[in-house]
Amino acid sequence: MDEVRQAHLPGNFELYDPDSSEPGAALCKGCWEEGGVRNFSALDTVWIKEEGREAMLWLCRGHLENMKSEGEKSGTFIRSVNGVVRYPALSTLQGGRR
Amino acid sequence: MMEEALPPGQVWGKKFVIYAALGIPRVDPQKWRLKVDGLVNSPLEYTYAQLTSLPQTRYVKSFFCVTRWSIKDVDWEGVPIRDLVSAASPKPEAKWVMFHCEEGYSAPVPIEDALNADALLAFKLNGKPLSAEQGFPARPFFPNLYAWKSAKWVNRIEFVGGYQDGYWETYGYHERANIWAEERFKEDHGKPVKRTAYGTA
C-alpha cells in the first residue's frame, strides 16, 4: 500500500510508491495533518507568506476557504489557483539568479 | 554482510523518483559548455569531450532524497569537482559554490562539501551516460548531502563569497543539507549556517 510522505514541495504531502518513478498523488495538507485523512479530491494550490518566506500549499476547497479567510485578515494570503502546482515557477523565486 | 547504514529518517526505495521542477532539457553535448567562474583567478570553460576525457573516478554510493526515499548502491562515474576546478584557482574569499543548470535551477553548496574528495561531477550512472531524466550531460553528486543539491543539467559552477538561496532553498530547504545531521529544512537541527547576502561574506 502506498505510504504518505513529504512531497518535494516543502510543507506538503503525497503518496509514495517505491515501485514507481513518478511522484505520487497529492493530498490535502489540512485533511492529512488534522486527522490523517487522505483527501485527493479537487485540490487547489494556495500561496501564502509565512515568516517572511513564500510557501505553496495543496488544500481541498474547505481548507482553502479557511486559509483564505484567516490569511486575508492576517495578510498572509497571496493567491490561489485551481489544481495542484507541484513546483514553483522560476519567476516567482525571490532573487532568482540564473 | 552488514546492511548499509541509513541516514536518520530515510527509507530504501526501489526506483529513482524523477523530479524535474523546471522541465527536462534536451542538451546537445556538442554545444553544451561547463563554465567555472565567480571568485576564481582564471575562469574556465569545458566541453563535454574535454571533461569526459579527463581521468574518471568511479564509486558506489547511495542516493538520498530529502523526501525520505533512498536508492542503495548507485554506481557513479565522473571527475572529482576539485580536480576540474583547480585550474581555475578559486580565491580564498570563496565560501560557497552555486551550481547553475540549463533550465534555470540552482543549488548552493558549501565550499567544503563542493571540494570534498568524494564530490563528483558525474557523467555516468550505473555504467551508462546519464539519461536526460537523470541530468545529461552532467550533474554533481555529493554523497553526504540530500539529492536536491546534486543538480541535474548543470552548466555553470560559480564560486561566491556568501550564501544565497537557490531554487529549493527559497522555499525553505536547508542551506547545507547534510544527510547525517538531517538538515532538511532551514529550521532543522545541525550546525548553524551563516546566512549573508550574496557577495558580502
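How many bridges pair β3(A) with β4(A), and in which sense do the strands run? The two strands pair over 7 bridges, in the antiparallel sense. One of the paired positions can be named. A:Ile48 has A:Ala55 of β4(A) as its bridge partner. This is a predicted model, and everything below should be read as such.

Start with chain A as a whole. It holds 2 helices and 5 strands. Read from the N terminus, the order of elements is β-β-α-β-β-α-β. The radius of gyration of chain A is 14 Å, and the globule rule gives 13 Å for 98 residues; the two values are close, so the chain is as compact as a globular protein of that length. The C-alpha trace spans about 40 × 35 × 20 Å along its principal axes. Buried residues make up 29% of the 98 in chain A. Now take the contacts in chain A between residues at least 6 apart in sequence. Of these, 40% join residues at least 24 apart.

Return to the sheet. In chain A, 3 strands form an open sheet, ordered β4-β3-β5, with antiparallel pairing. β4 and β5 of chain A are the edge strands. Each has a single partner strand, so one side of each has no neighbour in the sheet. On average, neighbouring strands here are turned by 20 degrees against each other, direction ignored. In a regular strand, side chains alternate between the two faces of the sheet.

Next comes the helix that lies on these strands. α2(A) lies across β3, β4 and β5 of chain A, and runs at about 160 degrees to β5(A). The helix covers residues 61-74 of chain A. Does its length fit its residue count, or depart from it? At 1.5 Å a residue, its 14 residues should span 20 Å, and the end C-alpha atoms are indeed 20 Å apart, so the two agree.

Which residues of α2(A) are buried? They are A:His63, A:Leu64 and A:Met67. Viewed down the helix axis, these buried residues fall within an arc of 100 degrees, so they line one face of α2(A). Their packing partners are α1 (29-35), β3 (44-50), β4 (53-59) and β5 (77-82) of chain A. The face turned away from the buried side looks quite unlike this. There α2(A) carries the exposed residues A:Ser69, A:Glu72 and A:Lys73. Just past the end of α2(A), A:Gly75 takes a positive phi of about 80 degrees.

Now move to chain B. Strand β2 (residues 33-38) and strand β3 (residues 44-47) of chain B run antiparallel and are joined by 4 bridges. A hairpin of 5 residues connects β2(B) to β3(B). Across this pair, B:Lys35 stands opposite B:Glu45 of β3(B).

One further residue of chain B deserves a look. B:Arg176 sits in the segment after β11 (154-160) of chain B. Is B:Arg176 buried or exposed? A residue counts as buried if 20 or more other C-beta atoms lie within 10 Å of its own. B:Arg176 has 22 within that distance, so it is buried. Compare its position with that of B:Ser42. The two residues are 134 apart in sequence, and their C-alpha atoms are 26 Å apart in space.

Terms used
Residues are numbered from 1 along each chain as its sequence is written. Chains are lettered from A and ligands numbered from 1 in the order in which they are written. This is a predicted model: local features need pLDDT of at least 70, side-chain atom pairs count only at pLDDT 80 or more; totals for chains, interfaces and linings use all residues. The expected span of a helix is 1.5 Å times one less than its number of residues. A residue is buried if 20 or more other C-beta atoms lie within 10 Å of its own, exposed if 12 or fewer, and partly exposed in between; C-beta atoms are placed from the backbone. The arc is that of the directions from the helix axis to the C-beta atoms. Two residues are in contact if their C-beta atoms, placed from the backbone, lie within 7 Å. Two strands pair if DSSP finds at least two bridges between them. Axes are lines fitted to C-alpha atoms, for helices over the stretch in contact, and angles run from 0 to 180 degrees between N-to-C directions. The radius of gyration is taken over C-alpha atoms; the globule rule is 2.2 Å times the number of residues to the power 0.38.
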